[in-house]
Amino acid sequence: MQSYIRNGQEIFDQYCRSKCMCMYCHSKPAQSIMFPKAPEQTYVDVFPSPDQDQPDRNFKDERKRQCDYEAEVAVYRALEGLENNLVVLHSFQYTNLQRHLIKKVKGKCENPNNKEGECDFVVLGPSYCVIIEVKNMIHIEEKSRDSGPEVMRGEDSSWNKGMLALMGTLRKSVEQRRKIESLIKSIDQSTKVLQFTAYPNFSRSYQGQFQINENTNLNEETKLSVNDLSTIVFREDLSNFSNWWEQNVSTNILTAQMTYEVRNTLLTIWCTRRKLCDNKSRYSLGRCITDIDEQLRKGIITLEAKEGRSRAANPCITKAPEAISEYVGVHHLTSQQKQVFDSTENMLWINGPAGVGKSVILCGKLVDLAQSDTEDKIVLLRWIGKDNNSKLYQSALDKLNEDKDKDKDEDKDEDKQIYKQMSSSKHTMVELCEELKNLLAESEFKVIIVDMGVRSINQLTGVLDVVNDSHVFIDDVQEVLHLSTPDNIGILVNQLSELSKLYTVWITIDMAQGWYYGNPSVHFAREVNVITSKLTHGQLTSLAMNLRNTKEISDVLCVMRNQFVEPRINRDDVLDMVLPKQIPGHFIHGPKVIFHILTGVFSTNQFRDILIHELDKLTVGENSLKYTDTNTSIVHNSLFTLKPLVNDIIDSRCSNSNTDDRIALCHLVHSYSAEWPAVIVLHRVDKDSDESNQRQLYLMISRARVYCSVLFYTQDDDVLENNSFVLDLSDKVRDHAHIIRH
């Protein structure tokens with residue numbers, strides 16, 4: 001028992017002390033400290049909607065389980081928003097052995113690792129504990145909503161069964177809560193413990209459905225006590241949770257007390273799960289980011305059933321082909337992605353927003369061709385810049401090269417690299433084309449990766465003149481076309497079409513991101529029509545499901561994306577294809593996006609303190625994020641005089657100047673195709689162009705896979721307190737981001 005108390009104190013000292021935001025936001029109360037730092041990942045699939053169900057393939061149960069999970073997430077987010085110096089433990093459980101130790105049970109403990117008790121949330125206040133169990137009865141709520149509360153209290157047998165099920169969930173939750181209360185009381189009998197059951201999808205107007213009345217044909221034994229009924233948390237309560245907490249918790253604990261033994265023991269139990277005090281790093285934000293990032297990078301967007309359980313295969317998700325699973329490292333694709341990968345079109349334009357997997361598919365197709373026995377060369381053209389960490393294609397080709405080396409005979413010549421990388425920044429246009437021409441004609445490299453520096457359509461068409469006997473892949477071409485005229489775009493499309501008669505020509509593009517801003521509708525439609533009029537129906541495809549980012553980041557991006565898609569609701573079929581809305585492709589949750597808004601006159605010290613705080617958060621605790629350019633990036637649109645300050649902050653955290661031990665500092669124009677687990681966005685707001693702000697911010701946020709914080713500032717005479725762009729965006733994303741005004 002003493003080891004639990006000691007370990008809990010270490011955890012509290014390391015992760016819970018000094019987490020108040022007061023130091024840089026003028027005594028703003030601290031938010032809840034959440035453990036883990038993001039909701040537990042339990043049911044991440046996006047299943048078909050009810051109208052897609054077939055008689056022999058019904059996914060009602062799977063959708064319900066997913067809704068169960070999202071109900072927990074709703075309560076997690078409500079607790080996260082409280083400002084009461086709370087510690088919140090999500091998915092709390094304890095074993096027989098832990099019960100044995102804490103309750104000082106004599107004799108041998110049978111089945112020590114078996115789970116003895118669990119609940120969804122244990123909240124540790126300064127002087128009290130709150131236990132919250134979450135239940136989801138969405139099918140009952142939907143039936144109630146369709147028929148009305150009074151109608152649904154009749155003698156209908158199906159409704160009576162539904163009521164029994166509903167009250168059964170409440171009764172079960174009461175049993176679970178009381179088990180946890182008993183555990184807490186065995187540590188210290190005097191501890192004040194409050195208990196609640198949350199129904200996030202039940203409206204308070206249906207509170208009477210939990211009651212027995214004379215019109216309900218149910219046995220008296222099913223009746224719930226008045227005390228049990230008073231502990232229900234409804235949907236409206238969660239939407240204004242601070243007020244609910246004040247009325248139902250704060251006013252009931254005025255004379256409460258809780259010893260540090262209770263707090264420390266519960267912290268240790270949550271941390272260790274079924275082992276003995278060996279996993280304190282579960283509390284670390286860095287560990288949280290690393291674990292979620294691995295899930296996203298590997299495309300684990302469907303979870304295997306737990307041992308002893310079965311679940312229907314998700315028809316929306318398929319195993320990735322070998323070229324992608326083995327070499328790109330992504331295990332699953334959506335059915336839409338798989339269809340695109342399987343396309344037999346020589347010419348294919350893959351259009352869609354950030355994070356839908358365009359580059360993953362392009363890389364997989366490139367690897368697939370590189371594995372073939374043909375002598376045809378492959379040229380990849382892409383636009384990246386300084387501090388861009390994109391190694392997607394190089395990593396895939398390195399793995400392919402290793403596999404080819406293993407298959408070679410021992411007596412053959414020394415191993416040869418399968419690809420060559422060249423950068424236009426080190427060449428003039430003439431030199432670039434000449435070296436590329438020589439590589440294609442004389443070298444044994446199968447793949448040539450050309451990092452194009454200048455976003456010039458003339459440079460692009462010039463390079464294509466040289467590679468007219470090769471397969472061509474072009475990644476993220478939108479900026480080049482955005483800066484071009486319709487006539488030049490037409491020349492490029494004709495050139496690619498001619499090449500595709502004999503070779504594979506695949507292009508990725510986000511037409512909306514490249515063209516929408518600054519282009520009147522008529523100009524936008526004319527430029528897009530130059531492409532679409534020259535392509536057959538199968539040569540232009542669009543993807544819409546975001547898979548790169550966590551659900552939280554994806555939700556923010558969806559809001560921003562739809563802001564510039566919705567004005568074109570009355571559009572023709574062509575624009576429907578080139579401006580697809582962005583939708584979440586999974587329910588992998590991560591830390592909430594943070595918006596820091598400097599509303600007053602710009603302060604260098606305040607700017608510095610917030611940036612330092614954000615960097616410090618990522619490296620606290622065991623298994624925290626290391627300072628490398630593959631883990632963390634500061635992405636900005638225009639630092640100007642602040643760049644030396646930001647560089648000094650980076651230098652102070654890195655042991656040397658090597659790129660392997662540095663935080664990346666990347667300008668947005670160099671960030672295409674790049675992505676990091678954690679991104680801090682420094683967004684200098686343009687007071688004269690909301691459209692420019694929107695476009696730049698969308699690109700910068702989309703670079704973050706798991707963690708993203710944004711610092712809005714301006715160095716102009718104006719302040720952001722009443723800035724239209726900041727106010728409008730903050731209002732639209734308030735359900736998906738934590739907004740802090742300084």
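**Exercise 1.** Work out which strand β19 joins through five bridges, and in which sense the two run.

*Solution.* Start with the ground rules: this is a predicted model, where local features need pLDDT of at least 70, side-chain atom pairs count only at pLDDT 80 or more, and totals for chains, interfaces and linings use all residues. Residues are numbered from 1 along each chain as its sequence is written, and side-chain values use heavy atoms, with hydrogens and water left out.

Strands are DSSP runs of E with at least two residues, and helices are runs of H or I with at least four, numbered from the N terminus. Two strands pair if DSSP finds at least two bridges between them. The partner here is β21 (residues 676-684), and the two strands run parallel. For a register check, find S633: V679 of β21 stands opposite.

Next, look for β20 (residues 664-667), which pairs with β19 over four bridges, again in the parallel sense. Here I634 faces L665.

**Exercise 2.** Sort the residues of β19 (residues 632-636) by the way they point, and decide whether they are buried or exposed.

*Solution.* Buried means under 20% relative accessible area, exposed over 50%, and partly exposed in between (1.4 Å probe, protein chains only). T632, I634 and H636 go one way, S633 and V635 the other. Five of the five residues are buried, leaving the strand mostly covered.

**Exercise 3.** Find out why K551 counts as buried, and what it touches.

*Solution.* K551 sits in helix α22 (residues 551-565). It counts as buried because its relative accessibility is 12%. Now skip neighbours within four places in sequence: K551 is in contact (heavy atoms within 4.5 Å) with P584, H586, F587, I588 and H589.
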